[in-house]
Amino acid sequence: MAKNKGTTCSKVQSREMLPVPILEKGVFRFDCSVHDRNNASPSISFKNPKCRDTPITNCHVNPTYTPTFECVMGEQRVNIELPSGTSFYGTGEVSGQLERTGKRIFTWNTDAYLYTVETTSLYQSHPWILAVLPDGKALGVLADTTRRCEIDLTKESNIKIISPSSYPLIIFGPFSSPADVLMSFSRAIGTAFMPPKWSLGYQQSRWSYDSDARVREIARTFREKKIPCDVIWMDIDYMDGFRCFTFDKDRFSDPKSLVDYLHQNGFKANWMLDPGIKHEEGYFVYDSGSKRDIWVQTASQKPFVGKVWPGPCVFPDFTKSEARSWWASLVKDFVTNGVDGLWNDMNEPAVMETQTKTMPESNIHRGDPEYGGKQNHSHYHNVYGMLMARSTYEGVKLSNEQKRPFVLTRAGYVGSQRYAATWTGDNASTWPHLHMSIPMVLNLGLSGQPISGPDIGGFSGNATPKLFGRWMGVGAMFPFCRGHSIRNSVDHEPWSFGEECEEVCRLALRRRYQLLPHIYNLFYLAHTVGIPVATPTFFADPKDIELRKQENSFLLGPLLVYASTTEDQVSSQLLRKLPKGIWMSFDFEDYHPDLPSLYLKGGSIIPLAPPYQHVGEANRTDDITLPVALDEHGKAEGFLYEDAGDGYEYLEGKYLLTTCVAELQSFVVTLKVLKSEGSWDRPKRRLNVKLLISIGAVLDAWGTDGEVVQIKFPTILPETVSRPFRLAHRLQFSGEVWPGPCVFPDFTMSEARSWWGSLVKDFVTNGVDGLWNDMNEPALLKTETKTMPESNIHRGDLDYGGKQNHSHYHNVYGMLMARSTYEGMKLANEQKRPFVLTRAGFVGSQRYAATWTGDNVSTWQHLHMSIPMVLNLGLSGQPYSGPDIGGFIGNATPKLFGRWMGVGAMFPFCRGHSDKRSVDHEPWSFGKECEEVCRLALRRRYQLLPHIYNLFYLAHTLGIPVATPTFFADPKDIELRKQENSFLLGPLLVCASTTEDQVSSQLLRKLPKGIWMSFDFEDYHPDLPSLYLKGGSIIPLAPPYQHVGEANRTDDITLLVALDENGKAEGFLYEDDGDGYEYLEGKYLLTTYVAELQSSVVTLKVLKSEGSWNRPKRRLNVKLLICIGAVLDAWGTDGEVVQIKFPTGVGAE
């Protein structure tokens, strides 16, 4: 028997794997050693195994990511570290969530009846991970082993793959998008077979329709009730005693007559075949297989016998070409009974009454040399089902070379898509299984298998009318669409749950049949280039992190399907997160709360057909409907692929591929054919163009396919019409603000933002350094609502939602004004960073402006409230905020103003501001003591500016708030979570008193766990906050400038050091020019300092530096905090080692 000749180790080795470029640019094979590379098992996943084993010579790039490995007692453990924020998908047929971080699975094909979200092995094995990087680029990882394999994604942004023998690892990419990765992957493993078009219709199944009379009844009822359907499946009960390739003489006595009836009524007949062949002499299948010696053997080289439905069974060894040819010949003969499609079930292989649910791993397969030769079952287990599907596919093809086979397989492996569709196994009639069906179908598609779907309604258990209808609504949008149920459940046909559910099913399936030309387009792409039919919503914008875990929506090309999968919510009630761009809502005038919501991406055209009862009703001369959604430029494009729907003449050019374009010019949308491919002539047929212009509003026109069709806009359009169709109805709203009657720019329009930006640009030439946007909620005087009417109209950009009333845009008005102001300032001087302050904002405002907490009051309550307000703004994405120090309205007292300045000087945004009707609120306005408190507080801030600038650098680059709640130091400490009189500036803890009768030193402090060293600037005052530096930290300080402009890069730097319990500390200093954008070109200096205590000496040094700036020559003052009020310091030169020796009598502890 062939042995695996890979690396085996008696001790742990850990090193980088060895890369070799293969297949095409950006694809690398990795092995643990040259020996392993030369002795690896053949690839079964690659369509052409030689591609995996043949290096390419024209590749001059190195891999971006190189895996490391450990070899422990022959077990290969591969580790791949990826950037933080990487998202994981794929891993084949898996239960649970779409995004796989936190999951661990085992690739071992298993009969997983009634699996749950925790099940770690299902019916198929795909040792493949699609990793989407934080920037939207992606890479794929294939562990090219057929053996049991552990894929561990429990650690964020880390892939660990463990298998009991050495194996090649193939990394595809990183490429620019997930779609690019999947296309490259498909060029390696092969694309999906091109299915016959009838297989895209609805398919009805049950375990079992127990007689041909029952099958006829089901078919007749579909046609009577006008519920579209193309296929009826026969489960194992059609067989004679569950013997494959036989028919029960009583219940299915004349299969050809049954098939003729089904064909006459527009149905295809699909039948099941299991791998277990009854161990029975005289049974022709057993006898012929035994004669040819094609059974899987035991370790003692006897045919293995295991129990399945017929009783004791033997199993064909599909790893042998002789066995596959034998099976294919049986299939060929079987198909002459009128069989249209075949279903391979139980092919993991499943064996009953065994703990493992399968045959022993010691069983022997006498495989072909190109598969790895003679090996035990542990080597071939995961590919058994795929090789059975291949044999079945080839047998169907032998029976009629002019027809495309359709095979459905339960078990599979990477490459199964070349031969068979799949379904998601024995699911349950529950809402969690309905929900789970979406990520399962999507992850199969992301693993190379684009033709899949669940048992609609659930296989086991009894669906409710609501569950079945909802499931049919979303299931009708899946690539493979079939209802199937267990024999002891209630009937699960579309009419089985009452009239309302029946109507929902009818509407859902009519949708599918109208969408079939578009779905067939997607199968054409899956077959030719490897793009999945159904993809996750984030494929529309891979950079959008929020979309990556979205599980109740998915894409069919440019068509977005949004479905509710919970009992208490219909799709129209979902809180939708749409990808960026224009998404036009539409339906088929078939709204029902249990049907998914549909959106067409702006810039797209998709083809539709009439709602046939079955695919065979279609004719090439039938009308074609083209829904059109224009993009922000008033353009759209789409295509229609047509061929015979079966057979292989399309490979000889006998097809028609039409690309259509539409464009809006002068209130006329013109649709025309851009190009055509293929040798088919265009039939004479009508073309119905439906232009989506807003929710519920469609303009349509009729014409002839191939000719120009135009749609002219009427004089009056609905109020919700989107931006490309706006007419010159420019009625202005007027409301009273400070100048009196006012009009308001519509910042939702790019024209308005550009106009405002140009005004700002000119205004800035007066020497303006920063701008303040106030009253931009927008606020109006003398109105009950304090703002403009919600019925006002904004003619918004399409990417914002188009023309909508004010209730839609109210909350973003201030942000869009801030954006316009920011862009105007930037136009005035591209070399300077704008500073904009906005009162009104929305999620995203932080990209353009700082904010303050509005018109507060000069009271102790408002002082206290300022801390949680600033912190919650930071926790909501806006790190740059602060209150009006001292309060805006009313008169502060000296004590209140001084205390407020003490804490306000520590906020990210530090500004005093007061109402014109109040007393003066400058720092010197409240007497000498308050003036001194303010002086000390602001000196603190200026000395802390290098540290605060560090925090802004982190906020800008990583999104970490400048000020965070104290519990950020220990999120597990429940007591810290409501602490409102303290907050963190990085490792610096600020504890402030916000009540009149208590100073900060009298506070009952709850410090986070760890070491916190108290310190000040030799500036103690009872009205100033107490400060603590976390052990293990170093922060930079500056001299107490009077203004930032006084600073010079050669000024002394002070580093404040607090050691942790291990005697170590670390911190950094980020420096750039403080303005402009040269830092984006690398013109900065980022220095990481470390300190360590050894033998009563603390050594501080530079750990690393980044950026192109040179380090200036300047003095460095290191201040080591050793206890309350005790500091050891030393002077040195920045960039050089500085040491502090503990004096005699001072304990280094």
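Start with the whole chain on screen: of its contacts with a separation of 6 or more, 69% are between residues 24 or more positions apart. What you have open is a predicted model.

**Stop 1: the whole chain**

Show the backbone as a cartoon and you'll be looking at 18 helices and 64 strands. Turn the chain along its principal axes, and the C-alpha trace spans about 110 × 85 × 55 Å. How does the radius of gyration agree with that of a compact globule? For 1149 residues, a compact globule would come out near 32 Å, and the chain has 35 Å, so the two agree.

Now switch on the surface. The chain exposes about 46,800 Å², with carbon and sulfur atoms supplying 51% of that area. Of the 1149 residues, 59% count as buried.

**Stop 2: colour by confidence**

Colour by pLDDT next. The average over the chain is 93, and 95% of the residues score at least 70. Select residues 1-11, where the pLDDT is below 50; this stretch still has 29 contacts in the model beyond near neighbours in sequence. Then select residues 715-720, another stretch with pLDDT below 50, which has 14 contacts beyond its near neighbours in sequence. Where pLDDT is low, the predicted coordinates should not be read in detail.

**Stop 3: Tyr-115**

Select Tyr-115 and zoom in. You're in the loop between β7 (104-107) and β8 (124-125). Is this tyrosine buried or exposed? Its relative accessible area is 3%, so Tyr-115 is buried.

Show the neighbours too. Leaving out residues up to four places away in sequence, Tyr-115 touches Ser-95, Leu-122, Tyr-123, Thr-424, Gly-425, Asp-426, Asn-427, His-433, Met-436 and Met-440. Pick Asp-426 from that list for a distance check: Tyr-115 and Asp-426 are 311 residues apart in sequence, yet their C-alpha atoms are 7.5 Å apart.

**Stop 4: helix α9**

Stay in this view and select residues 431-445, which make up helix α9. Among the contacts of Tyr-115 are His-433, Met-436 and Met-440, so this selection follows on from the last one. How many of the 15 residues of α9 are buried? The count is 13, so the helix is largely enclosed by the rest of the structure.

Draw a line between the end C-alpha atoms of α9 and you'll get 22 Å. At 1.5 Å a residue, the 15 residues should span 21 Å, which agrees. Now look along the helix for a bend: α9 turns by about 25 degrees at Ser-437, and Pro-439 follows within four residues.

**Stop 5: helix α6**

Jump to residues 284-292, helix α6. Which of its residues are buried? They are Val-285, Tyr-286, Ser-288 and Gly-289. An α-helix has 3.6 residues a turn, so residues three or four places apart point the same way. To see what covers the buried residues of α6, show β17 (277-278), β19 (311-314) and α7 (321-335), which are included in that cover. Step just past the end of α6 to Asp-293, which takes a positive phi of about 55 degrees.

**Stop 6: backbone oddities**

Most residues other than glycine have a negative phi, and most peptide bonds are trans. The next few picks go the other way.

- Select Gly-173 and Pro-174: a cis peptide bond joins them, with omega about 15 degrees. Pro-174 sits in strand β13 (residues 169-175).
- Select Glu-348 and Pro-349: the peptide bond between them is cis, and omega is near 0 degrees. Pro-349 is in the loop between β20 (341-344) and β21 (364-366).
- Select Lys-357, in the loop between β20 and β21. Lys-357 is not a glycine, but has a positive phi of about 65 degrees. With 37% relative accessibility, it counts as partly exposed.
- Select Lys-782, in the loop between β44 (771-773) and β45 (793-795). Its phi is positive, near 60 degrees, and its relative accessible area of 74% makes Lys-782 exposed.

**Last stop: Ser-597**

Finish at strand β33 (residues 597-601), where you'll find Ser-597. This serine counts as buried because its relative accessibility is 14%, and the cut-off for buried is under 20%. For one more distance, add Leu-560: it is 37 residues from Ser-597 along the chain, and the two C-alpha atoms are separated by 8.2 Å.

Conventions: Residues numbered from 1 in each chain as written. Predicted model: local features only at pLDDT ≥ 70, side-chain atom pairs only at ≥ 80, totals over all residues. Heavy atoms only, no water. Helix = DSSP H or I, 4+ residues; strand = E, 2+ residues; numbered from the N terminus. Expected span 1.5 Å × (residues − 1). Bend = angle between axes of the 7 residues up to and from the residue. Buried < 20%, exposed > 50% of the residue type's maximum accessible area, 1.4 Å probe, protein only. pLDDT = per-residue confidence, 0-100. Contact = heavy atoms within 4.5 Å. Rg over C-alpha atoms; globule rule 2.2 N^0.38 Å. Areas by Shrake-Rupley, 256 points an atom, 1.4 Å probe, with all protein chains shown as cover.
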